[in-house]
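Dear colleague,

Please find below the sequence and the structure that I am handing over to you. My notes on its internal spaces and nonpolar cores follow.

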Amino acid sequence: MSGIDRRNFLTGGMAVVGGGVLAAAGDPATASAQPAVAGSADARPAGHVQKGGLVSGELIAGSWTFQATNEIPAASGEQLASGAEVKTMAPAVVPGTPLTSVIKNGTYPDPFYGRIVTDAVPDTLKDTDYWYRTEFDVPELVPGQRFWLRFDGISYSARIWLNGTSVGSIEGAFHRGVFDVTELIARAQQGHSTAGRTAYLAVRIGKLDFTDPPSLPSYTSGVTRGGRNGGSTGATLKNGPSFFCTAGWDWLPTIPDRNMGIWQPASWFTTGEIRLKDVSVDTTLSDDLGSAEIALTLTCDNAAGKAVAATVTGSIDKIRLRHEITVEPGTTSVSLTSADIPGLRLAAPKLWWPNGYGEPYLYTLQLELAAGGAVSDQRELKFGVRRIEYVNADQQLRIRINNLPILVMGGNWGLDEALKRTPRERLRNQVRLHRDANLNLIRNWNGQSTTEDFFAACDEYGILVWEEFFFSSEGPAASNIQRDIDNIRDCIVNYRNHPSILLWCGGNEKSPPQEMVDALDRLVQELDPQRVSLTSSAGDTGTNAIKGFSSGGPYQWETPSSEFSLARTRSTQSNPFRNEIGSYSIPTLEFIQSMLPESSWETPDDYWADRDVNGNGGNGGGAGYIALTESRYGEVRNLPDFARKSQLMNYECTKAIYEAPSSMMLGPSSTSVPDPATGVIMWMTNPAQPSFVWQMYSHDLEAHSSFYAVQHGCRRVNVIMDASTRDLVLANHTAQPISGKVTVEIRDLDGSVSSSTVVAASGVQPASVKTVANLSSSISAASTAVCFVRLTLTDPHSAVIAENFYWYDRSGGDNTYTDLDTMKPAVISVSASARDVDKAQTEVTVVAKNAGTSVALMTHLQVFDKKTGARVLPVFCTDNYLNIVPGGTARVKISVPGMTDDLRESLAIRVDGWKLDTARSTLHGDGVQVVFNENALATNPAKKTFNV
């Protein structure tokens with residue numbers, strides 16, 4: 001790990017083509033352009049546009065074309081970066097990859113729905129470089145103005161030409177490229193009134209240096225893609241900073257183009273003679289949280305050839321800033337503190353809190369750098385004020401934020417989306433779902449989802465980020481370690497202002513080579529010393545190594561009792577922070593039917609295997625999981641029955657993954673729990689592709705029962721039954737003590753009350769747990785082998801604080817619940833009404849009542865378009881998969897963004913559940929129709945059709 005010392009900012013290089021700024025009018029620049037290698041990237045957000053004066057900018061989008069280089073072997077960058085027409089080039093998606101382009105152009109179908117990826121698209125897409133080409137309008141430059149090209153992300157390498165001249169190159173998928181092309185633009189504009197207003201850009205994207213053949217799915221093998229992650233030899237990992245998971249993993253098919261391309265935005269921008277190359281914001285919060293010191297480090301690039309007097313002006317929210325500085329020629333850094341600008345000391349600062357602990361407040365910093373009476377550059381960014389402590393007295397990983405101990409409850413992301421189809425709004429919705437699920441962290445596995453949009457969404461929603469780099473245990477180290485180090489440096493410099501980033505980590509499950517470990521520690525000490533760096537997700541090394549965390553699963557479905565027992569075992573092995581633990585997670589019936597061809601709906605086969613159903617052998621693969629489902633809940637008669645029973649499997653295991661550490665969290669320690677839990681990160685919460693495993697919502701962002709299991713298991717105040725001991729535990733994650741009472745209601749399988757008791761719940765201290773009772777005798781007294789346990793925590797004023805619900809084996813065996821299928825169907829009453837929040841968003845309120853005598857188990861609400869029958873996505877529900885006792889009521893609010901007039905007219909709700917009496921139930925809609933989901937409820941055909 002790195003020490004926590006003050007920052008000593010270390011700047012990187014920059015590609016400058018042809019030198020400085022536009023010369024005085026009538027004296028065009030004459031220096032020749034030379035190719036160079038891009039260095040540390042500019043931190044300005046892509047698309048940052050402020051017209052007027054010397055400063056402006058735009059995304060380069062719209063008219064990109066592309067073609068494989070092996071199809072046009074005679075083409076050159078000089079030729080393509082000109083006005084010469086190339087008729088064979090096809091429209092390109094930028095940002096995007098060759099595969100996203102050919103899918104959009106209709107050459108190949110989307111391979112993830114109804115197809116096997118490696119059958120639908122040839123793996124040869126990876127075997128060639130690609131030319132990309134576009135042209136764009138540029139402003140007429142004025143004296144003292146500089147013109148820049150910027151690339152936020154290419155994969156895997158790139159050479160760039162502008163107006164027939166090579167301007168530089170980029171290596172690695174996570175290194176930005178910024179190029180000063182002032183003289184090329186000025187030369188084109190010399191003596192031309194209009195011709196120089198168009199610039200011609202060509203980019204050659206280089207293929208990976210190392211690849212393996214595709215990994216193929218096989219359902220009968222019981223493992224995923226040969227049972228080996230990273231391809232047959234793991235050679236793809238030798239490329240270092242790349243999307244090496246696209247070689248094929250147990251959660252991702254082999255991606256035919258390995259996600260090459262211009263995968264992040266390209267843009268141009270202009271500045272004056274002085275550019276704000278980087279703005280770094282350090283915040284130091286006082287021990288009592290009553291004040292904060294802000295330190296700004298401005299890295300300036302001065303092309304004037306002499307020292308320039310400049311004025312820094314700006315604001316932090318409404319606090320005005322102003323200071324005079326001298327900018328030396330070349331690249332220099334200027335540090336500003338409250339000694340220079342009193343406004344950099346904040347009294348009673350608004351704090352950035354992780355989700356569930358307070359508002360994740362973001363300050364807005366606006367800066368302008370003016371010289372000679374004109375604004376030369378400007379910047380706007382957001383930052384947060386928070387204090388992070390990483391370890392306890394035993395040097396174990398134990399997070400405290402703003403003086404409050406935090407139980408990390410997170411989710412792993414392997415890849416944001418399989419083909420990097422991640423527009424900003426999709427990413428915001430993905431992160432919002434984590435906020436709504438009560439999670440507080442995302443682990444960015446091997447940095448595969450590293451983008452500005454990702455971190456900005458995490459900042460906004462209060463989601464901490466475990467940010468990892470580009471080494472994994474499944475293959476050899478990078479062949480070019482320096483390229484790895486350069487990409488790591490660029491990531492730290494570009495993203496360190498984001499308050500969501502919790503820590504940096506060298507890689508996955510194994511220590512990288514010592515050279516990389518040492519380099520990471522040095523970089524963090526130099527560039528971001530307020531954070532720590534961990535050697536890998538499996539452990540830390542070096543001086544003051546951090547202990548108490550590990551990966552290692554399990555990755556298969558486990559009983560709730562087993563999840564609690566495993567958590568207790570970890571607490572006795574000085575291993576209280578588990579950063580990988582996961583399970584099968586089956587999506588809704590409608591999504592299963594969308595991702596498989598109809599011929600495979602009732603017969604698991606290689607199409608199921610391509611959607612990861614084998615889980616790399618956990619539970620005996622897909623066939624073993626289906627058999628386990630049948631042994632627990634009864635024979636699977638058809639696909640709707642499989643989806644119905646799987647929602648129960650999802651819910652109970654996933655909820656226990658989070659409830660188990662929550663019931664043993666932080667403190668106090670005890671004989672049975674000597675090292676209370678400090679964190680759990682589920683493997684995974686976000687799926688990169690349509691899948692049967694390791695997710696809490698599906699690829700199209702539909703939340704299934706796993707999502708609500710996470711939401712319920714991660715409440716900041718929770719009432720929990722330990723499935724292994726039957727202890728009744730109160731978990732208090734908050735900064736305030738809680739007290740009140742817990743009503744414990746045991747119901748028999750027919751819905752009748754077996755017992756109802758009240759347990760006092762007082763003195764549960766902040767950030768701690770308390771066992772208040774044991775429910776063994778009450779459960780054992782139930783009249784049926786399977787019973788229901790309903791827990792309600794209320795405060796001293798009888799207001800409900802938290803509720804929980806379980807189905808449980810009276811004997812404690814926790815293995816067989818086939819009796820649930822003998823329940824009398826529930827009679828429910830469901831009503832819904834809709835109101836427009838604004839033109840683009842509607843809120844639907846659903847009230848579900850249990851009007852019968854049976855428990856309404858896992859009652860599911862689904863928003864759909866009644867004209868087409870298609871699900872409406874994404875939507876955001878306050879609750880779902882409702883468990884309602886006789887006489888009980890549940891109220892759910894559903895936010896429906898992206899509303900149109902046509903959809904508003906056809907918006908509807910359909911209802912399904914474990915067992916529903918549709919004939920006696922009533923449905924009512926006010927402005928939104930409510931119907932039963934007959935497709936999902938058709939679970940008992942006359943003859944079994946499901947063939948394993």
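The lining of the largest cavity is made up of 8 nonpolar, 4 polar and 3 charged residues. Please bear in mind that this is a predicted model.

That cavity encloses about 170 Å³ of space. Its lining comprises 15 residues, and Ala643, Arg644, Gln647, His860 and Asp912 are the ones nearest its centre. At least two lining residues come from each of helix H10 (589-595), H13 and strand E40 (856-865). H13 makes the largest contribution to the lining of the largest cavity, with 5 residues.

The second largest cavity holds about 150 Å³. It is lined by 15 residues, with Pro560, Glu652, Lys655, Tyr806 and Trp807 closest to its centre. By class, the lining of this second largest cavity contains 11 nonpolar and 4 charged residues, and no polar ones. Helix H9 (560-571), H13 and E37 each provide at least two of the lining residues. Here too H13 gives the most, with 5 residues. Across the whole structure, the search finds 10 cavities of 30 Å³ or more.

I turn next to the pockets. The second largest pocket has a volume of about 500 Å³, and 21 residues line it. Nearest the centre of this pocket lie Arg715, Glu803, Asp879, Asn883 and Ala890. Two or more lining residues are given by each of strands E36 (786-794), E37 (800-809), E42 (882-884) and E43 (889-897). The largest share, 5 residues, belongs to E37, a strand that also contributes to the lining of the second largest cavity. In terms of class, the pocket lining has 11 nonpolar, 5 polar and 5 charged residues.

Finally, the nonpolar cores. The largest nonpolar core contains 271 residues, and those with the most contacts inside it are Leu149, Phe151, Trp251, Trp807 and Leu820. Helix H13 (residues 639-662) supplies 11 residues to this core, the most of any element. Trp807 was named above among the residues closest to the centre of the second largest cavity.

What is Phe151 in contact with, leaving aside its neighbours within four places in sequence? The residues concerned are Ile160, Ile170, Arg176, Gly177, Phe179, Leu201, Val203, Ile262, Pro265 and Ala266. Separate from the largest core is a second one of 9 residues, including Ala75, Val86, Met89 and Trp161.

Yours sincerely

Conventions:
Residues numbered from 1 in each chain as written. Predicted model: local features only at pLDDT ≥ 70, side-chain atom pairs only at ≥ 80, totals over all residues. Heavy atoms only, no water. 1 Å grid on protein atoms, 1.4 Å probe; cavity = no way out; pocket = protein on both sides within 12 Å on 5 of 7 lines; lining within 4 Å. Points joined across faces, edges and corners; volume = space filled by probe spheres on them. Helix = DSSP H or I, 4+ residues; strand = E, 2+ residues; numbered from the N terminus. Nonpolar A, V, L, I, M, F, W, Y, C, P; charged D, E, K, R; others polar. Core = buried A, V, L, I, M, F, W, Y, C linked by side-chain atoms within 4.5 Å. Buried < 20%, exposed > 50% of the residue type's maximum accessible area, 1.4 Å probe, protein only. Contact = heavy atoms within 4.5 Å.
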